[in-house]
Amino acid sequence: MESYAFSVDLGGTTTNFSLFISDEIISQWTVPTPKNNIVDMLEAQIKNRISKLNMKSTDFKAIIIGIAGIVKDGIVVDAINLNLSDCDLGEALESRLDIKVMVINDVNLQAIGESLNYSSLFLVTIGTGIGAGLIINNHLVEGYNGAAGEIGHIYLDSKTPEENASAGGLVKAVQNYLKSNQDYSSLRSIENFTAEDIFNQAKLGDEVALKIIRNVYFRFGKLLAVICSAFDPEIIIISGGVSNAGELLLDIIKEGFNEVAFKNTEILLSELKEKAAVLGAMQIVDDLK
């Protein structure tokens with residue numbers, strides 16, 4: 001008999017819940033992530049949904065939680081945006097719900113979802129921060145400390161990708177340029193512009209926007225080439241909010257990659273996007289005995 005399960009994407013701002021059975025999503029909902037008492041919030045949300053459906057805990061096989069932070073063997077080592085460190089979140093929640101709980105880094109969970117068609121891949125998320133998940137020969141690589149894939153902290157020319165290639169990093173790079181140069185840019189007329197605004201104006205011909213984008217993501221492509229030389233994945237998949245910029249972003253990353261790459265590796269934009277996390281949870285639940 002098939003059992004139901006929950007997928008939880010626990011982010012610093014919002015928490016996304018999905019209830020599913022096999023490969024069918026039954027319901028989804030989103031709530032703000034509290035600054036404190038996260039376990040209380042998770043318990044209340046899941047109990048409330050179970051009650052609404054007139055179900056009980058024994059109807060559920062597992063709860064899979066993807067969390068934005070470093071996770072090692074199910075222990076949240078450090079999740080700065082969630083004020084969690086050295087926390088056995090799974091055990092705490094499992095004791096309250098009497099349902100098996102598994103906790104994994106959120107990008108690793110997405111990588112598992114993306115790996116349905118690939119045996120080896122490198123998933124890169126570019127959004128508020130920068131993260132990555134590595135699958136080699138159908139095996140998730142977490143690293144000794146659970147920090148494999150933390151490429152946002154690699155220094156490139158005295159800055160990290162987190163500082164200049166994340167959404168916020170790109171905005172700061174453009175802001176700094178506009179302060180120190182008098183070049184015309186349509187972005188000067190947009191108050192509190194975002195990374196999306198920068199890409200949109202670049203597509204409309206704004207030379208400053210395009211110049212900064214090329215500088216930032218050309219170097220980021222070079223970084224991906226170095227990683228490919230070390231791990232030799234079958235494919236690189238780009239996801240996260242900034243990936244919505246589409247072909248402009250992808251083409252520049254490819255240019256930087258191809259300039260220094262040891263071998264050709266296909267680079268694609270994610271088609272699954274946010275759905276990858278749920279598919280990853282489905283795969284984990286399917287593998288449970």
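This is a short dialogue on reading sheets and helix packing in a predicted model.

User: Where do I start with the sheet of 3 strands, and in which order do they lie?

Analyst: Read across the sheet, not along the chain. Here the order is S5-S6-S7, the sheet is open, and the pairing is antiparallel. Strands S5 (70–72) and S7 (84–87) are the edges, each pairing on one side only. S6 (residues 75–79) is joined to S7 by 3 bridges. As a landmark, Ala 79 stands opposite Leu 84 in S7.

User: What is the pairing in the sheet of 5 strands?

Analyst: Mixed, in an open sheet ordered S11-S10-S9-S12-S13. Its edge strands are S11 (139–141) and S13 (266–269). From one strand to the next, the twist averages 25 degrees. Look at S9 (residues 121–126) and S12 (residues 235–239): they run parallel, with 5 bridges. Phe 122 faces Ile 236 of S12 there.

User: Which strands does helix H7 touch?

Analyst: H7 (residues 207–231) packs on S9, S10 (130–136) and S12, and its direction makes about 155 degrees with that of S9. Helix H8 (residues 247–260) lies across S9, S12 and S13, at about 160 degrees to S13.

User: How do I read two packed helices, such as H5 and H6: at what angle do their axes cross?

Analyst: Take the axes, then the residues. The axes of H5 (residues 167–180) and H6 (residues 195–203) cross at roughly 60 degrees and come within 8 Å. The two helices are therefore oblique to each other.

User: Which residues of H5 and H6 meet?

Analyst: Ala 167, Leu 170, Val 171 and Val 174 of H5 meet Ala 195, Ile 198 and Phe 199 of H6. That contact has 7 nonpolar residues, no polar and no charged.

Notes:
Residues numbered from 1 in each chain as written. Predicted model: local features only at pLDDT ≥ 70, side-chain atom pairs only at ≥ 80, totals over all residues. Heavy atoms only, no water. Pairing = 2+ DSSP bridges. Helix = DSSP H or I, 4+ residues; strand = E, 2+ residues; numbered from the N terminus. Axes fitted to C-alpha atoms, helices over the stretch in contact; angles between N-to-C directions. Parallel < 35°, antiparallel > 145°, perpendicular 65-115°, else oblique. Contact = heavy atoms within 4.5 Å. Nonpolar A, V, L, I, M, F, W, Y, C, P; charged D, E, K, R; others polar.
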